[in-house]
Amino acid sequence: MPAYFIAEVEVLDPAPFQEYVQGAPATVRQYGGEYIARGGAIEVLEGSWHPKRLTIIRFESVARAKEWFNSPEYAPFKAIRKRTTKANLLVTEPDRIQIIHRPCNWMQGWEGEMDTVHAAFLHNGATDPNKLPAKSFGY
C-alpha cells in the first residue's frame, strides 16, 4: 500500500541547506520515492497552521519510506537538514487519511454547524418534503 512522507520544514540557514536540496532527491528516487509537492507556494485556507515549506513524497509502503529515512545514502543529507532547519516529519498510509464530505444546506451554514437534527428535506435542499426524490433520507 502506498505511503506518504510529509515534512513541514522551516529553513534556518539557507546556504548550507542548498546541499540538501541538490542531493537528497537522488536518495528519494533510489528508494522508489516520488515527490508530490516540494517547497512550492502554500496558501492556508483555514486554521492556524502556517508551514513555511512543505514536502510530500510518495513511497510504495511505510516500510520503504522508513528504509529511505534510515538509509546510509540519506544519512548525510539528514544531518544537513537537522543542522539547517526546524522540521516536523511524519509518514502515513492513504487509508489513514480521510476526507469527509457531508452535504449541508444554507440553514446549517448560517447556524455555523452541520448537524443531524434538521428534517431530511433541509439536507436535500428542498423546502417541501413532498418534492423529495423517492426513498431519500428515509422518506
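Helices H1 and H3 cross in a left-handed manner in this predicted model. H1 covers residues 14–30 and H3 covers residues 75–84, and the two pack at an angle of about 145° with their axes 9 Å apart. If you would like to trace the contact yourself, H1 contributes Pro 16, Phe 17, Glu 19, Tyr 20, Gly 23, Ala 24 and Thr 27, while H3 brings in Phe 77, Lys 78, Ile 80, Arg 81 and Thr 84.

Let us step back and see where these helices belong. The chain has five helices and four strands, and from the N terminus on its elements run β-α-β-β-α-α-β-α-α. Of its 139 residues, 32% count as buried. Among the contacts with a separation of 6 or more, 61% join residues 24 or more positions apart.

Now for the aromatic rings. Two of the H1 residues in the helix contact, Phe 17 and Tyr 20, also belong to a cluster linked by ring pairs, together with Phe 5, Phe 59, Trp 68, Phe 69 and Tyr 74. The structure holds eight aromatic pairs. One of them joins Phe 69 and Tyr 74, with 6.0 Å centre to centre and 40° between the planes. Why is this pair called tilted? The angle of 40° is neither under 30 degrees, as stacked would require, nor over 60, as edge-to-face would, so the pair counts as tilted. The two partners also make a nice contrast in accessibility: Tyr 74 is buried, with a relative accessible area of 0%, whereas Phe 69 counts as partly exposed because its relative accessibility is 22% and the cut-off for buried is under 20%.

Phe 69 has another neighbour worth a look. Lys 78 lies over the face of its ring, at 3.9 Å from the ring centre, and Lys 78 is also one of the H3 residues in the contact with H1. Elsewhere, the charged end of Arg 38 sits over the ring of Tyr 35, 4.9 Å from the centre.

Finally, follow the chain to strand E4, which spans residues 85–92 and includes Thr 85. Is Thr 85 buried or exposed? Its relative accessible area is 9%, so Thr 85 is buried. Its side chain reaches the backbone oxygen of Arg 81 at 2.6 Å, and Arg 81 is among the H3 residues that touch H1. Leaving aside residues up to four places away in sequence, Thr 85 touches Val 9, Glu 10, Val 11, Leu 12 and Phe 17. Phe 17 brings us back to where we began, as one of the H1 residues in the contact with H3.

How values were computed
Residues are numbered from 1 along each chain as its sequence is written. This is a predicted model: local features need pLDDT of at least 70, side-chain atom pairs count only at pLDDT 80 or more; totals for chains, interfaces and linings use all residues. Side-chain values use heavy atoms; hydrogens and water are left out. Rings of Phe, Tyr and Trp (its six-membered ring) pair if their centres lie within 6.5 Å; planes under 30 degrees apart count as stacked, over 60 as edge-to-face and the rest as tilted. Buried means under 20% relative accessible area, exposed over 50%, partly exposed in between (1.4 Å probe, protein chains only). A charge sits over a ring if NZ of Lys or CZ of Arg is within 6 Å of the ring centre and within 35 degrees of the ring normal. A polar contact is a pair of N or O atoms within 3.5 Å; within protein, one must be able to donate a hydrogen and the other to accept it, and residues adjacent in sequence count only if both atoms are side-chain atoms. Contact means heavy atoms within 4.5 Å. Axes are lines fitted to C-alpha atoms, for helices over the stretch in contact, and angles run from 0 to 180 degrees between N-to-C directions. A crossing is left-handed if the near helix is turned anticlockwise from the far one by less than a right angle, and right-handed if clockwise.
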